[in-house]
Each structure stands twice: as structure tokens, then as C-alpha cells.
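Work through these exercises with the structure open beside you. Try each task before reading its solution.

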Amino acid sequence: MANNNLKLEIYTPDKIFLKKDVYRVVLPYGNVNLTIIRDRAPTSLILRTGTLIILNENNETSDIFFIDGGVVDVAQNVCKISVQHIINRQKITLEQALQLQQKEPENAEFYQMITEYIKGFGYSSNRC
């Protein structure tokens, strides 16, 4: 692992979703977004529904994921996140989010957040 990186591990109930070294991770926490960096003090937090953003060494967005809440544990430069639902921004369109909102009423708020994000930023289906 590079000196400035931390290990990011994301888990869903049925699989390991992602394991990779990253520079920084921005998480939806409380009323703000919380940035996790290398050498952060050990922390355990409950996350809200929102966007999980991975930043590169230039503090530019390299990946965006939508999460439906979850928990994060940070210790010894490892950021472990457990979530119920996670979707890569590049893998969902506005139309798909609207369809899923109708198809899965138990997750309607999650898909509503995604539709508002996509509408608010005006991204096309192939941009992050």
C-alpha cells in the first residue's frame, strides 16, 4: 500500500463489494460529509443514505457510489464499510432509478435519493 493510501473494504449482506487502496473516502454522516484519510483515529460511525465518494491524490472524484446507510469502522488505515444496498453511479441511469423506485417500494427512499442526485447534477447515463 502506498504511503498516503488507506485500504477501503465495502461489504453487503451477501458479498464483498469492493476492496482497494484509495487516497481518501468521503462518507455521508450526520448532516455533513466526513472525509476519511490515512492515520485517522479509530472511529465507528453510523452512515446515512447518500453518496460515498472516492478521491484520488489530486482530491478529484474517481468513483461515486450510492449507499443506503450503513456503518463504518476505521482503524489502522483500514476503512471497513457495511451497507445494505450500494450502486455504482456509472451503473445506473435516471430511468432505471425511477423504475426501481416503483418496483421496490421498501427501498423507495433510497431510489428517490438517487433520482434527485442525478436530476440535480444533470449527469447523463454514462458519466460519473
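**Exercise 1: Two loop residues**

Gln76 lies in the loop that joins β6 and β7 (78-82). The model is predicted.

Task: Find the sign of phi at Gln76, and decide whether Gln76 is buried or exposed.

Solution.
- Step 1. Read the backbone angle. Gln76 is not a glycine, yet its phi is positive, about 50°.
- Step 2. Read the relative accessible area. For Gln76 this is 76%.
- Step 3. Apply the cut-off. Exposed means over 50%, so Gln76 is exposed.

Task: Repeat this for Asp39. Which loop holds Asp39, and is Asp39 buried or exposed?

Solution.
- Step 1. Locate the residue. Asp39 sits in the loop between β4 (32-36) and β5.
- Step 2. Check phi. Asp39 has a positive value of about 65°, although it is not a glycine.
- Step 3. Check the area. Asp39 has a relative accessible area of 60%, so it is exposed.

**Exercise 2: The whole chain**

Task: List the elements of the protein chain in order from the N terminus. Then judge how compact the protein chain is for its length.

Solution.
- Step 1. Count. The protein chain has eight strands and two helices.
- Step 2. Order them. From the N terminus the run is β-β-β-β-β-β-β-β-α-α.
- Step 3. Compare the radius of gyration with the rule. The protein chain has 15 Å, close to the 14 Å that the globule rule gives for 128 residues, so it is as compact as a globular protein of that length.
- Step 4. Add the extent. The C-alpha trace spans about 45 × 30 × 30 Å along its principal axes.
- Step 5. Add burial. Of the 128 residues, 41% are buried.

**Exercise 3: Helix α2**

Task: What does the span of α2 come to, set against the expected value? Which elements help cover its buried residues?

Solution.
- Step 1. Take the ends. Helix α2 covers residues 108-121, which is 14 residues.
- Step 2. Compare. From first C-alpha to last, α2 reaches 20 Å, close to the 20 Å expected at 1.5 Å a residue.
- Step 3. Pick out the buried residues. In α2 they include Phe110, Tyr111, Met113 and Ile114. Thr115, Tyr117 and Ile118 are buried too.
- Step 4. Find the cover. It includes strands β5 (43-55), β6 (61-75) and β8 (86-88), along with helix α1 (94-103).

**Exercise 4: Ile16**

Task: How many residues separate Ile16 and Ser82 in sequence, and what is their distance in space?

Solution.
- Step 1. Place Ile16. It belongs to strand β2 (residues 15-22).
- Step 2. Compare the two separations. Ile16 and Ser82 are 66 residues apart in sequence, and 9.4 Å apart in space, C-alpha to C-alpha.
- Step 3. Look for contacts. Leaving out residues up to four places away in sequence, Ile16 touches Ile10 and Tyr11.

Technical notes
Residues numbered from 1 in each chain as written. Predicted model: local features only at pLDDT ≥ 70, side-chain atom pairs only at ≥ 80, totals over all residues. Heavy atoms only, no water. Helix = DSSP H or I, 4+ residues; strand = E, 2+ residues; numbered from the N terminus. Rg over C-alpha atoms; globule rule 2.2 N^0.38 Å. Buried < 20%, exposed > 50% of the residue type's maximum accessible area, 1.4 Å probe, protein only. Expected span 1.5 Å × (residues − 1). Contact = heavy atoms within 4.5 Å.
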